[in-house]
Amino acid sequence: MELIKAVILGLIQGVAEFLPISSSGHLAIFRYVLEFDTDTGLLFDVLLHLGTLAAVFVAFYKDIFELIKEGFALLGQFFKSVYLCAAKRQKWQPVVTTPYRRFVLLVIVSTIPTGILGILLKDVIHAASASLLVPGVLLLLNGIQLFISDRLADGKITEKDASYGKAAIVGTAQGLATFPGISRSGTTITACIACGFSREFAVKYSFIMSIPAILGALVLELLDFSPEMLSVSDAANYLTGTVIAGVVGYICIKTMLVIVRGKKFKYFAYYCFAMGAFAVIFSLLA
């Protein structure tokens, strides 16, 4: 892949991953229209997502550090409670004793349906990315859901009182949002708000829950990857695109926090309608 192509795709990924306009849909459209060809399948897409994953770590490092700390504490408390029940015949001691321990379990619950759908739909998603028609139609649908999101009532649920059932619903939404043209951030934030989450927590939850999903996608892609598929020059260009995606993604995360609070998804809905219509018309005329 040429450096200029890697840079352009990195910019697209950084902007579209966190703004609710579908990074996968835009990557598919720009590849098709500009005849950008990558010989490593979905690997470059996953590497671009890895760049935006780094942006999530930087933007929410305090929350992520707390989640990691409480995750290990949760695990330790679980085994301690098992030991006390089995060996000492004592009453079971609660393990979810802090909001962040609950947050850890919520993310785990959301990841399960996301992972199942990701495995089941992998080949279908790959095929959908090969044309313009599917991303175009799904961008139109994405615009509709953004309009709906702005009109949903503000909720008050946070990590302190979110149910695991609602976490599963949001995880299912994330799994379906892997189709090109459906925004992962837009879909998960809309699902969170529909479940009664506060808008600020919806943004935080959407981005943090993307961490295991992206890591899982990277693992699945690496299973099919062979070093012979990637030249030294390609590796350098891929790295450049990944870094650009991360830097731009961080800026867009901060922007997204303002957008969701101000209920301004409708402007991105207009854009999705325009981009979707372009993709559908271009595919029919091509």
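**Figure 1. Glu-66 and Lys-69 form a salt bridge within helix 4.** The side chains of Glu-66 and Lys-69 meet at 3.4 Å, N to O; a salt bridge here is a side-chain nitrogen of Lys or Arg within 4 Å of a carboxyl oxygen of Asp or Glu. The two residues are separated by about one helical turn, because they stand three residues apart in helix 4. Helices (H or I, at least four residues) are DSSP runs, numbered from the N terminus. Glu-66 is partly exposed at 22% relative accessibility, and Lys-69 is partly exposed at 42%. Buried means under 20% relative accessible area, exposed means over 50%, and partly exposed lies in between (1.4 Å probe, protein chains only). The model is predicted: local features need pLDDT of at least 70, side-chain atom pairs count only at pLDDT 80 or more, and totals for chains, interfaces and linings use all residues. Residues are numbered from 1 along each chain as its sequence is written, and side-chain values use heavy atoms, with hydrogens and water left out.

**Figure 2. Asp-63 and Lys-204 form a salt bridge between helix 4 and helix 9.** The N to O distance in this pair is 3.3 Å. The pair links distant parts of the chain, with Asp-63 in helix 4 (residues 61-87) and Lys-204 in helix 9 (residues 199-208), 141 residues apart. Asp-63 counts as buried at 12% relative accessibility. Lys-204 is also buried, with a relative accessible area of 18%.

**Figure 3. Glu-17 and Arg-184 form a salt bridge between helix 1 and helix 8.** The closest N and O atoms of Glu-17 and Arg-184 are 3.6 Å apart. This pair, too, links distant parts of the chain: Glu-17 lies in helix 1 (residues 3-18) and Arg-184 in helix 8 (residues 184-194), 167 residues apart. Glu-17 is buried, with a relative accessible area of 3%, and Arg-184 counts as buried at 12%. The structure holds seven salt bridges. Elsewhere, Asp-154, Arg-199 and Lys-263 are linked in a network of salt bridges.

**Figure 4. Helix 8 is largely enclosed by the rest of the structure.** Of the 11 residues of helix 8, 10 are buried, so the helix is largely enclosed. The buried residues include Arg-184, Ser-185, Thr-188, Ile-189, Cys-192 and Ile-193. Ala-194 is found in helix 8 but counts as exposed, at 54% relative accessibility. Ala-194 and Gly-155 are 39 residues apart in sequence, and their C-alpha atoms are 8.2 Å apart in space. Helix 8 is followed by Gly-196, whose phi is positive, near 95°.

**Figure 5. Phe-78 and Phe-79 form an edge-to-face aromatic pair.** The structure holds 12 aromatic pairs. In the pair of Phe-78 and Phe-79, the rings are 5.5 Å apart, centre to centre, with 70° between the planes. Rings of Phe, Tyr and Trp (its six-membered ring) pair if their centres lie within 6.5 Å; planes under 30 degrees apart count as stacked, over 60 as edge-to-face and the rest as tilted. Phe-78 is partly exposed at 37% relative accessibility, whereas Phe-79 is exposed at 52%.

**Figure 6. Aromatic rings form a cluster, and Arg-102 sits over a ring.** Ring pairs link Tyr-100, Phe-103, Phe-197, Phe-201 and Tyr-205 into the cluster. The charged end of Arg-102 sits over the ring of Tyr-164, 4.8 Å from its centre. A charge sits over a ring if NZ of Lys or CZ of Arg is within 6 Å of the ring centre and within 35 degrees of the ring normal.

**Figure 7. A nonpolar surface patch draws its largest share from helix 11.** Val-58, Leu-239, Val-243, Val-247, Tyr-250 and Ile-251 make the patch, which covers about 550 Å². Patches are made of residues with over 30% relative accessible area and no salt bridge; like charges are joined within 9 Å, and nonpolar side chains (Val, Leu, Ile, Met, Phe, Trp, Tyr) within 5 Å. Accessible areas come from the Shrake-Rupley method with a 1.4 Å probe, and for residues only the protein chains shown count as cover. Helix 11 (residues 232-261) contributes five residues. Val-243, placed in helix 11, counts as partly exposed at 47% relative accessibility.

**Figure 8. Cys-272 is too far from the closest cysteine sulfur for a bond.** The sulfur of Cys-272 is 14 Å from that of Cys-252. Cys-272 is buried, with a relative accessible area of 0%, whereas Cys-85 is partly exposed at 23%. A search of the whole structure finds zero disulfides (pairs of cysteine sulfur atoms within 2.5 Å).
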